[in-house]
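Biologist: I have a model open in front of me and would like to learn how to read its features one at a time. Could we go through them together?

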Amino acid sequence: MLIRSGADFNYSGLASMPVTLAEGVASVAGSAWPLFSPAIGALGAFVAGSNTVSNLTFAQFQWTTGATIGVPPELVVATQAVGGAGGNPIAIHNIVAASATVGLLGREGDLIRKTFLVTAYYCLAAGSLGYIRIHGFGANIGVVMLIVTVLIVAATIWWMKRHDARRPAAVAESSPE
């Protein structure tokens with residue numbers, strides 16, 4: 001219904017749903033929209049279970065939003081696609097299939113919480129880079145988000161290494177000898 005709505009497909013004379021949504025989003029987010037467009041891609045992949053379906057569903061919406069705010073629409077659609085790729089790790093049917101394959105049925109929530117970091121990284125990085133590509137490298141929100149993303153990734157890697165370094169010591173202390 002979303003894709004095949006509008007005056008081309010019915011006699012209502014109303015604009016299609018993606019175009020109407022795009023006009024609303026453009027009026028609210030304005031030129032900052034490229035920061036958020038990957039999240040729509042991730043949401044679409046999460047719900048549909050496929051980046052392809054996410055792109056089919058939201059490409060017209062993203063294209064129209066980009067055109068309405070006066071930025072290259074192909075870059076907005078590209079950030080949507082990267083976000084959709086990042087949304088695949090948290091797609092419900094992918095989580096269920098992976099859980100069943102490796103014997104973790106009933107622990108799907110744990111997997112979503114862990115793979116959400118991947119999705120967040122994709123969305124933050126793609127949004128930042130898309131914004132920088134459109135608006136330029138300088139003192140702007142895209143650069144700030146990119147720096148924050150790099151710092152979060154570095155802190156996460158540091159924490160994981162520190163956490164893994166402690167693990168063998170804790171196991172050795174608890175084993176009876």
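Biologist: Why are Arg113 and Asp110 separated by about one helical turn?

Modeller: Please keep in mind throughout that this is a predicted model. Arg113 and Asp110 both belong to helix H6 and are three residues apart there, so about one turn of the helix lies between them. These two residues also form a salt bridge, in which the closest N and O atoms are 2.6 Å apart.

Biologist: How many salt bridges does a search of the whole structure find?

Modeller: Such a search gives two. Besides the bridge between Arg113 and Asp110, there is one in which the side chains of Asp110 and Arg107 meet, at 3.1 Å from N to O. Arg113 counts as exposed because its relative accessibility, 57%, is over the 50% cut-off. Salt bridges that share partners join Arg107, Asp110 and Arg113 into one network.

Biologist: Are the other two members, Asp110 and Arg107, buried, partly exposed or exposed?

Modeller: The way to read this is to place the relative accessible area between the two cut-offs, under 20% for buried and over 50% for exposed. Asp110 has a value of 29% and is therefore partly exposed, and Arg107, with 39% relative accessibility, likewise counts as partly exposed.

Biologist: Next I would like to understand the aromatic rings; how many aromatic pairs does the structure hold?

Modeller: There are four aromatic pairs in the structure. In one of them, the rings of Trp33 and Phe36 have centres 6.3 Å apart and planes at 45 degrees, so this pair is described as tilted. Both residues lie in helix H2, which covers residues 33–48, and they are three residues apart, about one turn of the helix. Trp33 is buried, with a relative accessible area of 6%, whereas Phe36 is partly exposed, with 44%.

Biologist: What is the geometry of the pair made by Tyr121 and Tyr122?

Modeller: The general idea is to look at the angle between the ring planes, where over 60 degrees counts as edge-to-face. The planes of Tyr121 and Tyr122 are at 85 degrees, with the ring centres 6.2 Å apart, so the pair is edge-to-face. Tyr121 is partly exposed at 42% relative accessibility, and Tyr122 is partly exposed at 31%.

Biologist: Which residues form an aromatic cluster?

Modeller: One aromatic cluster is formed by Trp33, Phe36, Phe58 and Phe61. Three of these names return in the largest nonpolar core, since Trp33, Phe58 and Phe61 are among its ten residues.

Biologist: Which other residues make up that core, and which helix gives the largest share?

Modeller: The remaining members are Ala22, Ala26, Ile40, Ile69, Val71, Val76 and Ile134. Helix H1 (17–29), H2 and helix H3 (51–69) each supply at least two residues of this core, and the largest share, three residues, comes from H3. To follow one member outwards, take Val76: leaving aside its neighbours within four places in sequence, Val76 is in contact with Trp33, Pro34, Ser37, Gln62, Gly66, Val71 and Ile134.

Biologist: Is Ser99 buried or exposed, and where is its place?

Modeller: Ser99 has its place in helix H5, which covers residues 92–102, and Ser99 is buried, with a relative accessible area of 0%. Apart from neighbours within four places in sequence, the residues in contact with Ser99 are Leu104, Leu105, Glu108 and Leu111.

Biologist: Turning to the surface, which residues make a nonpolar patch there?

Modeller: Val82, Val118, Tyr121, Tyr122, Val153 and Ile157 make a nonpolar surface patch of about 450 Å². Helix H6 (108–135) and helix H7 (141–174) are the elements that give two or more residues to this patch, and H6 provides the largest share, three residues.

Biologist: To finish, what does the chain look like when it is read from end to end?

Modeller: The chain has seven helices and zero strands, and 32% of its 177 residues count as buried. Its accessible surface comes to about 10600 Å², of which 69% belongs to carbon and sulfur atoms. For contacts in the chain, one counts those between residues at least 6 apart in sequence, and of these 63% join residues at least 24 apart.

Notes: Residues numbered from 1 in each chain as written. Predicted model: local features only at pLDDT ≥ 70, side-chain atom pairs only at ≥ 80, totals over all residues. Heavy atoms only, no water. Phe/Tyr/Trp six-rings, centres within 6.5 Å; stacked < 30°, edge-to-face > 60°. Helix = DSSP H or I, 4+ residues; strand = E, 2+ residues; numbered from the N terminus. Buried < 20%, exposed > 50% of the residue type's maximum accessible area, 1.4 Å probe, protein only. Contact = heavy atoms within 4.5 Å. Patch = residues over 30% accessible without salt bridge, like charges linked within 9 Å, V, L, I, M, F, W, Y side chains within 5 Å. Areas by Shrake-Rupley, 256 points an atom, 1.4 Å probe, with all protein chains shown as cover. Salt bridge = Lys/Arg side-chain N within 4 Å of Asp/Glu carboxyl O. Core = buried A, V, L, I, M, F, W, Y, C linked by side-chain atoms within 4.5 Å.
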